[in-house]
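Work through the exercises below with the model at hand. Try each task before reading its solution.

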Amino acid sequence: MFQDENDKLVMSFLEHTFFKGWREYIPNWNRIELTFDPLCNLACKYCYLDKHGDELYPKTSLKKEEENAKILIDWLIENGYHPHFDIFAGEPTIKPYFYRVVKYLIDKYSETNYRPEIVVPTNYSFLLSETLTKKVEDLLKYARDRGFRMYLSASVDGKYCESNRPFKHMKNDPRGDKFYEKMFEFNKRWGFGFHPMIYADRIEMWKKNFLWFQENFRKYGIPFYNIYLLEVRNPEWHPHQLKAFGEFLDFLIKYTYKEILHEDKNMFVDFIMRGRGYNILSIFSTIGRGIGCSLQSMLYVRMGDLKIVPCHRTSYKPFEYAEFVVKDGKITGIRALNPELMIAIYTLDAKNFPYCERCPIRHICAHGCIGAQYEFTGDLFTPFPTLCQLELTKVKYIVKGMNDIGVLDILKSLSAPEVRNDIENVEEMMEVTK
């Protein structure tokens with residue numbers, strides 16, 4: 001009886017959120033991630049999969065991924081669901097089943113009136129192989145020819161920071177200038193963007209690294225804003241690295257304002273408010289959900305065992321929400337595993353985390369990654385001190401930089417009252433510390 005009630009609770013919650021969103025296209029409930037195995041050819045210094053992959057993705061579930069993915073796609077179509085898809089794995093392009101699964105998804109939805117978007121983060125190492133490059137491009141052409149918007153997200157940190165993402169079992173990094181030329185040519189040809197991570201190690205190189213990106217954007221005719229910057233919210237930020245991070249943000253603001261937008265305040269404000277300011281500068285607008293990442297706007301399903309998890313960084317066993325029940329190759333229902341946590345995470349507001357609820361920047365802070373918080377503190381919802389220092393450094397330098405170029409008051413006037421109040425709190429802090 002208890003299990004039946006929990007199963008009904010999970011189904012009811014999903015029906016009023018994701019299932020409805022997949023039928024009617026509700027922005028904060030319209031995506032699903034098919035999460036595959038963490039095997040990757042890189043050993044990134046900040047990667048949780050490299051450190052905790054065996055706990056996040058049990059090895060016992062590796063054999064049924066392709067089969068389970070097809071079962072799930074069939075179930076979605078049979079129920080009239082047409083979510084946008086994210087395909088996530090350690091490095092998907094090195095896995096043969098990746099190509100088969102995406103092609104299956106395209107073929108099955110081609111039989112319907114819907115053409116969902118497909119997004120695939122990749123480290124672009126496929127460009128080192130002519131065979132893999134052809135396979136990737138053939139898949140992209142296959143999608144486009146059938147009316148599907150398929151995008152690759154270039155998870156590449158850039159020439160001066162790529163040492164944070166070394167290859168496994170390789171002494172010499174094969175990603176030289178020719179690799180990057182191929183990368184920029186590829187993204188220009190297909191219209192894809194770049195998603196480097198801002199990490200503590202080599203943070204002092206990020207000014208030079210950003211200029212390198214912009215130089216190549218100009219060379220290949222790529223828009224200057226086609227880069228999504230995100231700080232790595234891990235605990236290993238030291239004071240000198242925080243200072244270098246703040247100085248990079250100050251540089252980023254002033255370089256964009258002076259060198260790219262030629263001191264046009266209206267264009268700069270539009271870039272921050274509507275263009276989201278490379279993501280990392282977007283503290284002046286709100287997002288309509290309780291946490292900034294896609295934790296609450298995506299249903300994450302692990303393909304090895306068809307379990308629904310909070311996200312790929314929090315798929316530890318105690319946090320598994322539910323699992324799809326399969327009989328004779330078909331999904332017949334959903335079994336609840338931890339409905340309390342499921343509802344808690346999908347409805348949480350990070351502004352109410354411990355420490356955050358009384359923080360003077362709670363409305364403009366990016367807040368922590370709950371996976372990183374769990375790994376460091378043992379609790380999903382408790383921030384750690386260096387995270388708070390990182391985010392306070394971020395907002396202080398952004399506020400200072402915007403004030404220096406004369407646009408802070410304009411941005412405040414366009415912001416929600418609670419955002420404006422937090423910015424004024426930062427101004428007071430900076431006045432006190434002068």
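The exercises that follow concern a predicted model, and each has a worked solution.

**Exercise 1. The sheet**

Task: Give the order of the strands in the open sheet of nine strands, and find its edge strands.

Solution:
- Step 1. The order is E5-E4-E3-E2-E1-E8-E9-E10-E11, and the pairing is mixed.
- Step 2. An edge strand pairs on one side only, and this holds for E5 (193-194) and E11 (330-336).

**Exercise 2. Neighbours of E2 and E3**

Task: Find how E2 pairs with E1 and with E3, then how E3 pairs with E4.

Solution:
- Step 1. E1 (residues 31-35) pairs with E2 in the parallel sense, over five bridges. Here Thr35 is opposite Phe88 of E2.
- Step 2. The pairing of E2 with E3 (residues 118-122) is parallel too, over two bridges. Phe85 has Ile118 in E3 as its bridge partner.
- Step 3. Between E3 and E4 (residues 150-154) there are five bridges, again in the parallel sense. Ile118 has Met150 in E4 as its bridge partner.
- Step 4. Helix H4 (residues 96-110) joins E2 and E3 in a right-handed β-α-β unit.

**Exercise 3. Burial of E2**

Task: Are the two faces of E2 covered or open?

Solution:
- Step 1. Count the buried residues of E2 (residues 84-88): five of five.
- Step 2. Sort them by side. His84, Asp86 and Phe88 lie on one side, Phe85 and Ile87 on the other.
- Step 3. Each of these residues is buried, and both faces are covered.

**Exercise 4. Helices across the sheet**

Task: At what angles do H1 and H3 run to E11?

Solution:
- Step 1. H1 (residues 2-24) lies across E1, E8, E9, E10 and E11, at about 115° to E11.
- Step 2. H3 (residues 65-78) lies across E1, E2, E8, E10 and E11, at about 90° to E11.

**Exercise 5. Packing of H8, H11 and H12**

Task: Describe how H8 packs on H12, then find what the buried residues of H11 pack against.

Solution:
- Step 1. Two packed helices are described by the angle and the distance between their axes.
- Step 2. For H8 (residues 239-260) and H12 (residues 385-404) the angle is about 30° and the axes are 9 Å apart. H8 is therefore roughly parallel to H12, since angles under 35 degrees count as such.
- Step 3. The crossing is right-handed. Residues in contact include Leu242 and Phe245 in H8, and Leu390 and Tyr397 in H12.
- Step 4. In H11 (residues 370-377), Ile370, Gly371, Ala372 and Gln373 are buried. The buried residues of H11 pack against H10 (339-347) and H12.
- Step 5. After H11 comes Gly378, with a positive phi near 85°.

Notes
Residues are numbered from 1 along each chain as its sequence is written. This is a predicted model: local features need pLDDT of at least 70, side-chain atom pairs count only at pLDDT 80 or more; totals for chains, interfaces and linings use all residues. Side-chain values use heavy atoms; hydrogens and water are left out. Buried means under 20% relative accessible area, exposed over 50%, partly exposed in between (1.4 Å probe, protein chains only). Helices (H or I, at least four residues) and strands (E, at least two) are DSSP runs, numbered from the N terminus. Two strands pair if DSSP finds at least two bridges between them. A crossover is right-handed if, with the strands pointing away from the viewer, the path from the first strand over the helix to the second runs clockwise. Axes are lines fitted to C-alpha atoms, for helices over the stretch in contact, and angles run from 0 to 180 degrees between N-to-C directions. Angles under 35 degrees count as roughly parallel, over 145 as roughly antiparallel, 65 to 115 as roughly perpendicular and the rest as oblique. A crossing is left-handed if the near helix is turned anticlockwise from the far one by less than a right angle, and right-handed if clockwise. Contact means heavy atoms within 4.5 Å.
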